[in-house]
Amino acid sequence: MTHKVVICGIDTGSLPVLKQSEMRSLLEKAKNGDSAARESFIYANLRLVLSVVQRFTGRSEQADDLFQVGCIGLMKAISGFDLSLDVRFSTYAVPMIAGEIRRHLRDYNAVRVSRSIRDLAYHAMQAKNKLSETLDHEPSVSEIAKELSLPEADVIFALDAISDPVSLYEPIYHSDDDTVCLMDQIKDNNDGESHWLNSIVLEEGMAHLNEREQKILKMRYFASRTQMEVSKEIGISQAQVSRLEKSALKQLEKYIKL
């Protein structure tokens with residue numbers, strides 16, 4: 001029995017699953033101007049578009065809108081794909097679809113970036129790709145700026161303006177029993193000690209923790225140390241620091257609520 005799963009208004013259970021030979025045949029006909037074959041090929045590759053769209057979930061943009069943009073990327077991939085290359089179509093199409101969605105998100109982000117800044121960023125990316133082919137290393141910002149005859153600050157500003165924002169809860173390390181997020185690596189330069197140590201309730205809660213748990217929390221929240229710094233001083237792994245910190249915070253929350 002086929003389960004019906006509807007994503008972006010598309011019933012995935014109704015999408016055809018074709019063999020590579022069938023896909024190849026349709027693509028050849030589409031490239032030769034067969035509009036019916038092109039339509040069938042697009043329909044057969046909608047799962048590919050949906051899989052890419054799912055990578056961009058959690059943003060303010062509606063999934064249906066991203067799906068439509070992804071379909072544009074798919075059609076561009078069909079037009080640009082070279083049948084003489086020994087490459088699967090999906091390998092070529094996925095970056096095209098993802099790139100189309102990223103451009104859409106940059107151009108229609110809630111924080112609007114001016115056309116001149118986007119154009120500068122585009123030229124900077126072109127210069128970066130050009131230099132990457134001639135240099136034996138990844139080009140630096142100064143090298144890109146020199147290539148464009150522009151100040152480094154302008155290039156940095158343009159590239160930062162089109163960069164996708166990263167969530168503080170973005171996982172940067174993952175194991176079977178623990179996840180370390182970006183926020184765990186950020187140091188707070190503000191002195192938070194006066195906001196915590198002056199609380200009698202908090203001090204009483206801390207008294208219920210063991211010595212190592214107290215030390216971890218004091219270093220993390222009173223001394224504004226990163227988990228990596230704590231792990232080096234205590235002599236345990238960062239993953240262990242993360243687990244102990246989370247456990248201690250849960251205990252602390254329980255005592256504070258009491």
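This is a tour of a predicted model, going from the whole chain to one helix, then to charged pairs and aromatic rings.

**Whole chain**

Start with the cartoon view of the entire protein. It shows 13 helices and 4 strands. Colour by accessibility next: of the 258 residues, 33% are buried. With the surface switched on, about 16500 Å² is exposed, and carbon and sulfur atoms supply 52% of that area. If you display contacts between residues at least 6 apart in sequence, 56% of them join residues at least 24 apart.

**Helix H1**

Select residues 20-31, which form helix H1. Put a distance between the C-alpha atoms at its two ends, and the viewer should give 16 Å. That agrees with the expected span, because 12 residues at 1.5 Å a residue should also cover 16 Å.

Now show the side chains of Met-23, Leu-26, Leu-27 and Ala-30, the buried residues of H1. They lie on the same side of the helix, because their arc around the axis is only 100 degrees. What lies over them? Helix H2 (35-44), helix H4 (63-80) and helix H5 (89-107) are among the elements that cover these buried residues.

Step just past the end of H1 and select Gly-33. Its phi is positive, at about 100 degrees.

**A charged pair within H1**

Return to H1 and select Arg-24 and Glu-28. Their side chains form a salt bridge, with 3.4 Å between the closest N and O atoms. The two residues are 4 apart in helix H1, so about one helical turn separates them. Arg-24 is partly exposed, at 35% relative accessibility, and Glu-28 is likewise partly exposed, with a relative accessible area of 35%.

**Other salt bridges**

In general, side chains of opposite charge can pair when their charged atoms come close. The count for this model is 8 salt bridges.

Select Arg-220 and Glu-245 next. Their side chains meet in a salt bridge with an N to O distance of 2.9 Å. Which parts of the chain does this pair tie together? Arg-220 belongs to helix H11 (residues 211-222) and Glu-245 to helix H13 (residues 238-257), so the bridge connects parts that are 25 residues apart in sequence. Are these two residues buried or exposed? Both Arg-220 and Glu-245 are buried.

Move to Arg-225 and Glu-233, another salt bridge, where the closest N and O atoms are 3.0 Å apart. Arg-225 is partly exposed, with a relative accessible area of 27%. Glu-233 is also partly exposed, at 44%. Then select Lys-76, Glu-100 and Arg-103, which are joined into one network by salt bridges that share partners.

**Aromatic rings**

Finish with the rings. The whole structure contains 3 aromatic pairs. For one pair, select Phe-81 and Phe-89: the ring centres are 5.5 Å apart and the planes meet at 85 degrees, so the pair is edge-to-face. Phe-81 is buried, with a relative accessible area of 4%. Phe-89 also counts as buried, at 9%, because the cut-off for buried is under 20% relative accessible area.

Extend the selection to Phe-41 and Tyr-92. Together with Phe-81 and Phe-89, these residues make a cluster linked by ring pairs.

Conventions
Residues are numbered from 1 along each chain as its sequence is written. This is a predicted model: local features need pLDDT of at least 70, side-chain atom pairs count only at pLDDT 80 or more; totals for chains, interfaces and linings use all residues. Side-chain values use heavy atoms; hydrogens and water are left out. The expected span of a helix is 1.5 Å times one less than its number of residues. Buried means under 20% relative accessible area, exposed over 50%, partly exposed in between (1.4 Å probe, protein chains only). The arc is that of the directions from the helix axis to the C-beta atoms. Contact means heavy atoms within 4.5 Å. Accessible areas come from the Shrake-Rupley method with a 1.4 Å probe; for residues, only the protein chains shown count as cover. A salt bridge is a side-chain nitrogen of Lys or Arg within 4 Å of a carboxyl oxygen of Asp or Glu. Rings of Phe, Tyr and Trp (its six-membered ring) pair if their centres lie within 6.5 Å; planes under 30 degrees apart count as stacked, over 60 as edge-to-face and the rest as tilted.
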